[in-house]
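Subject: Structure for you, with notes on the domains

Hello,

Here is the structure I promised to pass on. Please open it alongside this message. My notes follow below.

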Amino acid sequence: MGVFSQRMNVLGTENAFKLGRDIQKVESGGQDVVKLNLGEPDFDSAENINQAAIAEIQAGNSHYVDPRGLLPLRRSIAGHIEHTRGVSVDPERVVVTSGGKPPIGYSILTYVDPGDEVIYPNPGFPIYESWIDLVGGVPRPLELKEEKDFRFDASDLESLVTDRTKLIIINSPSNPTGGVLTREDLRQVAEILQRKAHPDFRVLSDEVYEEIVFDGLSHESIVSEPGMAGRTVIMNSHSKTFAMTGWRLGYALLPTVEEADAFFQWNVNLYSCTPPFIQMAAKAALDNPENQGIVRSMRKTFQERRDAVVAALNRIEGLRCVQPKGAFYAFPNIEGICRRLGIPDASARLQADDQRGLQPSTLFQMFALYKHGVATLDRTAFGTRDTEGRHYLRISLASDLASLQEGVRRLEAAAKDEQGFAEFMDKI
Ligand SMILES: Cc1ncc(COP(=O)(O)O)c(C=O)c1O
């Protein structure tokens with residue numbers, strides 16, 4: 001018997017939160033760091049939202065409330081989904097959660113038994129894989145392909161779906177790739193699942209970037225496909241849309257009231273309820289028309305940054321970057337840089353030496369941070385499976401343009417710094 005349960009050996013993490021320590025180390029050595037690793041809008045929540053929360057606290061709305069969420073907020077959420085997805089929504093099927101992460105864990109805990117298969121995007125938000133592994137689900141990573149603008153092949157999906165498929169997770173727009181699924185992609189997913197999966201399958205549709213879609217494209221949801229409203233869990237949060245990351249406000253729409261009861265029960269077991277003043281501010285975020293203008297302007301800013309950053313990245317020798325269609329990340333392929341700096345050989349030598357298994361993209365990400373002062377995340381932060389030979393970085397667009405340009409300049413300097421990389425490897 002040890003101190004920690006066996007479970008702790010399989011629990012995953014989100015490297016975005018772990019990188020802070022490395023950044024501090026670099027900064028404490030006197031080097032400034034351009035932080036292009038952050039997954040949160042660089043805007044503050046709107047004043048009308050802040051004021052709504054303050055007024056609620058002052059009015060004493062600070063007690064335990066219905067674990068399912070306050071009915072006025074659930075009505076606003078239901079109205080929003082009805083309006084945007086064209087499906088009818090009973091507020092009793094909506095459960096409010098503290099942030100967007102709980103519905104991911106709840107879905108896997110509620111639907112997946114050991115041995116059940118779960119299909120999920122790869123690369124994808126790392127918390128999917130963490131929960132699948134924790135419950136003993138069978139992970140079935142679905143590759144998002146650069147050559148398909150980070151969508152997937154229907155034939156790949158079809159080959160993964162079996163009568164043991166219990167849950168499929170989709171995330172559009174996607175973190176980390178910025179890929180956006182089309183109506184046709186979703187139609188294919190719905191068709192393949194209904195034909196081949198276990199009849200009790202569910203889809204978890206992570207729509208947290210629904211408002212950050214570029215080039216006039218619209219966000220599409222699988223819930224709108226025929227036969228899917230009764231099988232889809234939509235999860236969402238106010239973190240990205242309303243720049244409310246620290247407020248921790250999320251929600252899920254469940255296919256049935258019974259499934260919403262299960263999520264209610266998870267809330268009861270974990271944190272009883274989401275703070276009521278936060279819920280009422282979240283209602284203001286959805287209801288106050290001023291926020292639509294704020295969201296539009298945020299989207300425009302992200303698109304302008306995307307245009308500038310992707311163009312600048314593509315001028316770096318050895319790097320190529322697909323134009324992301326949504327979310328606020330660029331996901332360049334850095335294979336050419338890795339080769340030029342001799343990173344695959346260095347990585348292979350390390351693996352032989354000490355089994356640390358540092359992938360080439362991880363080594364470049366560390367080199368760029370420690371030697372050139374630019375923080376990014378590499379491919380291995382977005383799923384631990386099938387990472388070999390896939391050399392990517394995630395660059396967040398959630399910084400002002402001057403910082404982004406400086407960050408790209410530092411990446412370019414790192415990409416050319418063969419001697420610096422050799423010295424870095426000597427010390428590792
Ligand atoms: C795809 C995706 N899903 C869920 C979340 C979690 O959102 P929240 O911060 O509201 O918990 C994130 C946050 O980065 C995300 O990128």
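The domain assignment splits the protein chain into two parts. Domain 1 covers 7-43 + 292-427. Domain 2 covers 59-289. Domain 1 is thus written as two segments. Please keep in mind that this is a predicted model. The centres of domain 1 and domain 2, taken over C-alpha atoms, lie 27 Å apart.

Now the interface. On the domain 1 side, 39 residues are in contact with domain 2. On the domain 2 side, the number is 40. Together the two domains bury about 3,500 Å² between them. Carbon and sulfur atoms give 54% of that area.

Next, the polar side of things. Eight salt bridges run between domain 1 and domain 2. Glu211 and Arg299 also form a salt bridge, and their closest N and O atoms are 2.9 Å apart. Across the interface, 25 residue pairs are in polar contact, with both residues at pLDDT 80 or more.

Which helices supply at least two residues each to the side of domain 1 that touches domain 2? They are helix H1 (7-10) and helix H12 (290-314). H12 gives the most to that side, with eight residues.

Last, the make-up of the side of domain 1 that touches domain 2. Its residues divide into 17 nonpolar, ten polar and twelve charged.

If you look at one place first, try the pair Glu211 and Arg299.

Best wishes

Definitions and conventions: Residues are numbered from 1 along each chain as its sequence is written. This is a predicted model: local features need pLDDT of at least 70, side-chain atom pairs count only at pLDDT 80 or more; totals for chains, interfaces and linings use all residues. Side-chain values use heavy atoms; hydrogens and water are left out. Domain bounds come from an automatic or database domain assignment. Contact means heavy atoms within 4.5 Å. Buried area is the accessible area (1.4 Å probe) that two parts lose on being put together, summed over both. A salt bridge is a side-chain nitrogen of Lys or Arg within 4 Å of a carboxyl oxygen of Asp or Glu. A polar contact is a pair of N or O atoms within 3.5 Å; within protein, one must be able to donate a hydrogen and the other to accept it, and residues adjacent in sequence count only if both atoms are side-chain atoms. Helices (H or I, at least four residues) and strands (E, at least two) are DSSP runs, numbered from the N terminus. Ala, Val, Leu, Ile, Met, Phe, Trp, Tyr, Cys and Pro count as nonpolar, Asp, Glu, Lys and Arg as charged, and the others, Gly among them, as polar.
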